[in-house]
Each structure stands twice: as structure tokens, then as C-alpha cells.
Amino acid sequence: MDQSQITYRWPADGALRRAVLVLPGGAYAATEASYEKEAIAAWLAERGIASATLDYRVAPHLHPAALQDARAALAELRSAVQVRSAAPVAVGVWGFSAGGHLAGLLATDETPRPDFLIVAYPIVSLDTADTHQESLHNLLGLAPAPALLTALSVDKRVDATTPQSFLVHSEDDEVVPPAHSLRLYSALRARGVQAELHVFRTGGHGSGLVTGRWPAPGWLDLVEHWIEELQLPPNGGSDM
């Protein structure tokens, strides 16, 4: 894919409670999993939450192509929400696996950042032995500089202005170990950022909304409750 593509989904009743940029996984080689795209967008719309699902550029396009796409998509979603809602609406980002890494980069990027972050089985660290090598190579090529690995490790980028975050992983994930989410959670809490982490005993990797993989609807109930209880700025969301 030579260009990114955004697919919008708006709540049927027209009311906007929140908006979410959805970043599916795919090891920076693809963004094809419907259970991390259409299924998530439908789930959000049922709860009055608008979404913009981004098919970002992947290999052979290298960094910063995907991050550039995510930045542009976040700005576009904010503009679209402002057109549809007179009241401020918080705009967050929800990423899966490699999309979780991209979401983490966006949440620790130069401003404007999303108002909240949700990541499911995310790749967090690129400078550790347990990183996902396929994603690493697709993002940075076969011989990236060590300094770049550290610079693009989300846990090393967290600061006090990183948005409040929800993290979910499973203990039996053999693709991206739960240590990734633990590192990010520790970094967030060390800097005083509100964060919630759930690690399920089973679920594997790439579960998305696949029935029977993770406790269903248990983990989505946790996400929904967390979104409902978000402690937002006085204006209700970003004014960027």
C-alpha cells in the first residue's frame, strides 16, 4: 500500500461521546485483520463512539511513514469531530500489536497527542531481546542503529504529559510477551500518568474480537467502563 486510508464510522444516533483512532496490527507488514478493524469500529459505534480506522503504510515503507500517517489521521479525525459536534469531544487512539506500538508512538509524540490511549498486546520495546523481530525489521530495516531502537521504544518515551492509558495482554502470548505491557505500565506510573493494566491467563496474540480467545465480553466490558470513567480536562477533550 503506497498511501494510507482512513475509514470512518459514526454512531447511528449522531451523538458523539468520544472518538477513537483505531490502529490494527500486522507486524508493520499489513493491516488486514477485520477483528482489529471493522469489528472494533462496530463495537465503538454501538456505544456512541465515533471511530476512524487507519490502514497506515507498512513495509517496504519504513519509519517514519506509519507515524506520519497516524499523525495526519489523528488531526483529520479531530477536525471531522469538530464539524459534527458543538461540544468538545475527547479523541483517543486504540492500537493492537504493531498498531499498539504505533499508538504508543503517537501518544508520546510531539503535541498534539491523543487524549487517551488504549493498547492491546502491544509491542512496546524495540531495544530488548524479546521484541518482535519481524515488526522491527519491517519498521526499520535489517540493521537499525541502536540509538533508534531506544528512541522508538515507547516505554523510553513516556513523560508526565503522556495521556491516560489502558493496557491489556495475556500471559500466554508467545509473539509479544506481556513484559512489553508491564514495561509500559511501569513507565507510565513512574511518571504519574493514570494507567490501568489487565493481564489475562489465556488469549494468545492477535485476539482482537475473536470469540473464545479472551474472556468475552469481559475484557471489552473493562474497556467500556474505563472509557466511561475517563478523567478528562475541563473542556472535555483536546482543543487542538
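1. The core element is an open sheet of 7 strands in the order E1-E3-E2-E4-E5-E6-E7, with mixed pairing; two strands count as paired if DSSP finds at least two bridges between them. Strand E1 (5-9) and E7 stand at the edges with a single partner strand each, so one side of each has no neighbour in the sheet. Direction ignored, neighbouring strands are turned by 15° against each other on average. Angles run from 0 to 180 degrees between N-to-C directions, along lines fitted to C-alpha atoms, for helices over the stretch in contact.

2. On provenance: this is a predicted model, in which local features need pLDDT of at least 70 and side-chain atom pairs count only at pLDDT 80 or more, while totals for chains, interfaces and linings use all residues. Residues are numbered from 1 along each chain as its sequence is written, and side-chain values use heavy atoms, with hydrogens and water left out. Helices (H or I, at least four residues) and strands (E, at least two) are DSSP runs, numbered from the N terminus.

3. E1 and strand E3 (residues 49-55) run antiparallel and are joined by 5 bridges. Gln-5 stands opposite Asp-55 in E3.

4. E2 pairs in parallel with E3 through 5 bridges, and Leu-21 has Ala-52 in E3 as its bridge partner. E2 also runs parallel to E4, again with 5 bridges; here Leu-23 stands opposite Gly-95 in E4. Of the 6 residues of E2, 6 are buried, meaning under 20% relative accessible area (exposed is over 50%, partly exposed in between; 1.4 Å probe, protein chains only). Arg-18, Val-20 and Val-22 lie on one side of E2 and Ala-19, Leu-21 and Leu-23 on the other.

5. E2, helix H1 (residues 38-46) and E3 form a right-handed β-α-β unit. Right-handed means that, with the strands pointing away from the viewer, the path from the first strand over the helix to the second runs clockwise. The crossover from E4 through helix H3 (residues 98-107) to E5 is right-handed as well.

6. E5 has 5 of its 5 residues buried. Phe-116, Ile-118 and Ala-120 point one way from E5, and Leu-117 and Val-119 the other way. In a regular strand the side chains alternate between the two faces of the sheet. E4 and E5 pair in the parallel sense over 4 bridges, with Val-119 in E5 as the bridge partner of Gly-95. E5 and E6 run parallel over 5 bridges, and Ala-120 stands opposite Val-168 in E6.

7. Helix H7 (residues 179-190) has 12 residues and reaches 16 Å from its first C-alpha to its last, close to the 16 Å expected at 1.5 Å a residue; the expected span is 1.5 Å times one less than the number of residues. His-180, Ser-181, Leu-184, Ala-187 and Leu-188 are buried in H7. They cover an arc of only 130° around the axis, which puts them on the same side of H7; the arc is that of the directions from the helix axis to the C-beta atoms. These buried residues pack against strand E5 (116-120), helix H6 (154-157), strand E6 (164-170) and strand E7 (195-200), contact meaning heavy atoms within 4.5 Å. Just after H7, Gly-192 takes a positive phi of about 80°.

8. In helix H8 (residues 218-228), the buried residues are Trp-219, Leu-220, Val-223, Trp-226 and Ile-227. Their arc around the axis is only 120°, which puts them on the same side of H8.
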